[in-house]
Amino acid sequence: MNKIQRVMGILFGGALWTATGPAWAEWELNLTEGVTEISREVFDMHMTVMWICFWIGVIVFGAMAISIVKHRKSKGVTPATFHESTFAEILWTIIPFVILISMAFPAAKMLIKMEDTSDAEITIKVTGHQWKWEYEYLDSGVKFISSLHADSREAATPGSGIDPTTVDNYLLEVDNPVVLPTGKKVRFLLTSSDVIHAWWIPAFAIKKDAIPGFINEMWTVVDEEGTYRGQCAELCGRQHGFMPIVVEARSEAEYDEWVTAQLAAAEVAASSADREWAMDELMERGEKVYGTYCAACHQANGNGIAGVFPALNGSPMVLEDIEGHINIILNGKPGTAMQAFAAQLNDADIAAVVTYERNAWENETGEIIQPATVKSMRIQ
Amino acid sequence: MNAQATDAHHDSDHDHHGPAPGLMRWVTTTNHKDIGTLYLWFSLIMFFIGGLMALVIRSELFQPGLQLVDPHFFNQMTTMHALVMIFGVVMPAFVGLANWMLPMMIGAPDMALPRMNNWSFWILPFGFAMMLSTLLMEGGGPAAGWTLYPPLSLQTGDAFPFLIFSIHLLGVSSIMGAINIVATIMNLRAPGMTFMKMPLFVWTWFITAYLLIAVMPVLAGAVTMLLTDKFFGTSFFDAAGGGDPVMFQHIFWFFGHPEVYILILPSFGLVSEIIPTFSRKRLFGYSSMVYATASIAFLSFIVWAHHMFTVGMPLAGEIFFMFTTMLIAVPTGVKVFNWVSTMWRGAMTFETPMLFALGFVVMFTIGGFSGLMLAMTPIDFQYHDTYFVVAHFHYVLVPGAIYGIIGGVYYWLPKWTGNMYSESLGKMHFWLSTIFVNVLFFPMHFVGLAGMPRRIPDYSVQFADFNQIATIGAFGFGFSQILLLVLVVKCIRGGEKATDQVWEGAEGLEWTVSSPAPYHTFSPQPVIK
Ligand code: HEM
Ligand SMILES: [Cu+2]
Ligand SMILES: [Cu+2]
């Protein structure tokens, strides 16, 4: 019967050892130490608490093991008759209490530090959408949407036949990463347009919910340049596992360059709404937009999912009602999963996706919708 | 309990003291033993249903990439698996054990409210039939996790009102069960059976019943508010109408945290029965065990927001809930120390119930350690909503709550059937379960720490190895449970005849009646000296 103890001991002790020892580093058993002051403190506290638990475990399971080995009937022992001791009860109430206090105070102190979002140099508004992240740099005006990288999306489509191990950073890569300067205090303002999401980068040890109608705050200062990856950490529907977060920390100069380039690109995009577009151009762009923003619900083949997401293929609205069609994309339909895309997509994108939906699959209407039409509907 | 029972007179002077013949026996029964049996079979069946759902989840997670199920269906599986396991397995099993054993342990002839007892059981199959049928509806079953957080849960399709109604039914059933238990313990104890002489299983259930009565209506209120938000234009949880989605989480966890103690306290009681018997030594620190249970129950009402550290509470709130949560470790520790002291210098033997009880003490404690880590807010930000949490609650639920239940079943099976079960099958069941349960859940700590979120159908390739191991463990654990079924059926059919005492070291009123226990016990009631 000491078998049970031995098995458990090996499992637990061994697991803790491997989790803490460097021997298995490549197996990723433990929390990351991360690249911020906070993340390193979090890591240290995690290790401390784990070791405290380990030693309490050794004492408790050790005492059990000794009884199991020595105080067994097959050894011919007569059972003792003691069955209470006020002294012992007080002792093992007070000692754990003291240990807990000694853990609680440093934790509270650390928490106070973690919640201090004052004096930030850069503020980024992060909005969760089903199922992508929108970022807005409030100081410089840079604004973009970040969603799962096309390679991962393709590989994660059932029946794609693509082996995920051949995809770089499978499910942890996005089209547009967040870029931050190192050494500066960055404040995040988190909110959501639909359901609750959570923004989490393990290497920074920060995680907070993005809640529709409310704004949460958190902050970080990244020490080292590099690319850091995380995922949405609150169940947000069908594609919850497919809305990663990628942060690139760069030197301040590189960051400034990036901001300038982003602003220039935004200008180009804005002006493109004022010209006439050709069918091919719209269809090509529309297919892309559809794949990134709409296919998760309405499916690549336009047939939706019965009872949850309506089919656009053959939909009367798509075939006949141009205004209704543009309107539902701009403004969404409150109370359903169909959200407003007015803020996320520019006029050209919406014109393209509407044109695409009206001409793809079996919807061969031949209609072309120009960005100018969308623009005029926005103003109403 | 050194109680001497004057064995019940079975030759009572009225006619209908045996069960009614045929199937109607089970439909119309008001006998606590029959109803206990119904609850236990129901729970076992649901255990296999919930287990199959877990195997769907684990199969999809066997390797990276989407192979078997659509992510939406995956979410339905995690949601249903949890609802089935919590409301269909653990809670009914506890009520079943209570029905069978509480009257026999306190010297009562039956439960205090036998007709309500029948009703509270028979609501369950209907409630679950309705809940499971949602999987076939337009838009599929509920897929927002068992926590049903809005706004996501409001995106559920046709299933939504059926889900809410079935939760109401399960709640009504639990409340009636709990009222019955309180009424029985308060009113039907045998003369001399004072509160501080009650066996610990009775005590833990007594306290659990109050928790149930306190929090099930809160759950009912929360889901009703969801219902009116969806169909009647209210906006309790919709910021656009002046509501607050986080308020749902507060209400839900005000139910939810006491609920997790509802899922463990009766198992504490079961283990506190088993360990003294097989250590041949009285339970150490009986009264401190009672007080510890009561303090845990009290504290369980003021820790709820530890499930919500990332919602952006005020700092003071975070610190308050961290401190109260850590405080719960104290009475929980007292219990573990008392169990170990009970074994200390006893004369132990290791029959199957004892093996499960020992497994409980070790693995529940491991779950307690990870719980303590999760209680510490600054580091919980890293653990929250990862597989580390999944590992934590499965350690306290599977080798915790479920091991307590299985241990209790083995402990009393000879009393119920009159036959000894096969000890070798039982031991095999224990060892296979224990090996596989660790293969299944221990690696989840690692992937969680390494950054794998929970409730995802697909993951990045660096998590592949441990997920594969966990899936192997899941199938091993699942198939090992077939042994339990085989063993129970064999034991009902026959086997070595059990004595009244059954276990050498057993004490308590239930061991003074014959094995199998007669259909009616303890009328007239025994007198405890
Ligand atoms: C056969 C043994 C079991 C296996 C293989 C298993 C496996 C799993 C898995 C893989 C998940 C999903 C994690 C995720 O994707 O987030 C899960 C969730 C869960 N399980 Fe189990 N489980 C088992 C037994 C139990 C039992 C006995 C209980 C309760 C007494 C339980 C309660 C839960 C709960 C509450 C959740 C959370 C669901 C949610 O995220 O809403 N499980 N289980
Ligand atoms: Cu999510
Ligand atoms: Cu809790």
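Are A:Cys232 and A:Cys236 buried or exposed? Select both. A:Cys232 is buried, and A:Cys236 is buried too. Keep in mind as you click that this is a predicted model.

**Stop 1: the copper ion in chain A**

Keep the two cysteines selected and add the copper ion (ligand 2). Its protein donors include the SG atoms of A:Cys232 and A:Cys236. Now add A:Glu234 and A:His240. A:Glu234 gives its O atom, and A:His240 gives ND1. These donors lie 2.1 to 2.5 Å from the copper ion (ligand 2).

Follow the donors along the chain. Their spacing reads C-x1-E-x1-C-x3-H.

Next, look at the angles. The 4 donor atoms around the copper ion (ligand 2) subtend 85 to 129 degrees, which makes the arrangement irregular.

**Stop 2: chain A as a whole**

Zoom out and colour chain A by secondary structure. You will find 10 helices and 10 strands. Then turn the chain to see its extent. Its C-alpha atoms fill a box of roughly 95 × 50 × 40 Å along the principal axes. The radius of gyration of chain A is 28 Å, while a compact globule of 380 residues would have one near 21 Å.

Switch on the surface. Chain A exposes about 17,000 Å², and carbon and sulfur atoms supply 58% of that area. Of its 380 residues, 51% count as buried.

Now think about contacts. Take those in chain A between residues at least 6 apart in sequence: 66% of them join residues at least 24 apart.

**Stop 3: the copper ion in chain B**

Move to the copper ion (ligand 3). Which residues coordinate the copper ion (ligand 3)? Select B:His257, B:His306 and B:His307. B:His257 uses ND1, whereas B:His306 and B:His307 each use NE2. The distances run from 1.6 to 2.0 Å.

The donors of the copper ion (ligand 3) are spaced H-x48-H-H along the chain. B:His257 lies in helix 7 (residues 245-262) of chain B, and B:His306 in the loop between helix 9 (286-299) and helix 10 (315-343), so the pair ties together parts that are 49 residues apart in sequence. Check their surroundings as well: B:His257 and B:His306 are both buried.

**Stop 4: a serine in chain B**

Finish at B:Ser267. Find it in helix 8 (residues 265-279) of chain B. B:Ser267 is buried, and its relative accessible area is 0%.

What does B:Ser267 touch, not counting residues up to four places away in sequence? Select B:Phe94, B:Phe360, B:Gly400, B:Ala401, B:Gly404 and B:Ile405 to see these contacts.

Notes: Residues are numbered from 1 along each chain as its sequence is written. Chains are lettered from A and ligands numbered from 1 in the order in which they are written. This is a predicted model: local features need pLDDT of at least 70, side-chain atom pairs count only at pLDDT 80 or more; totals for chains, interfaces and linings use all residues. Side-chain values use heavy atoms; hydrogens and water are left out. Donors are N, O and S atoms within 2.8 Å of the metal (3.2 Å for Na, K and Ca); water is not among the atoms, so sites may look incomplete. Helices (H or I, at least four residues) and strands (E, at least two) are DSSP runs, numbered from the N terminus. Buried means under 20% relative accessible area, exposed over 50%, partly exposed in between (1.4 Å probe, protein chains only). Four donors count as tetrahedral if all angles lie between 85 and 135 degrees; four count as square planar and six as octahedral if opposite donors are over 155 degrees apart and all others between 65 and 115; anything else is irregular. The radius of gyration is taken over C-alpha atoms; the globule rule is 2.2 Å times the number of residues to the power 0.38. Contact means heavy atoms within 4.5 Å. Accessible areas come from the Shrake-Rupley method with a 1.4 Å probe; for residues, only the protein chains shown count as cover.
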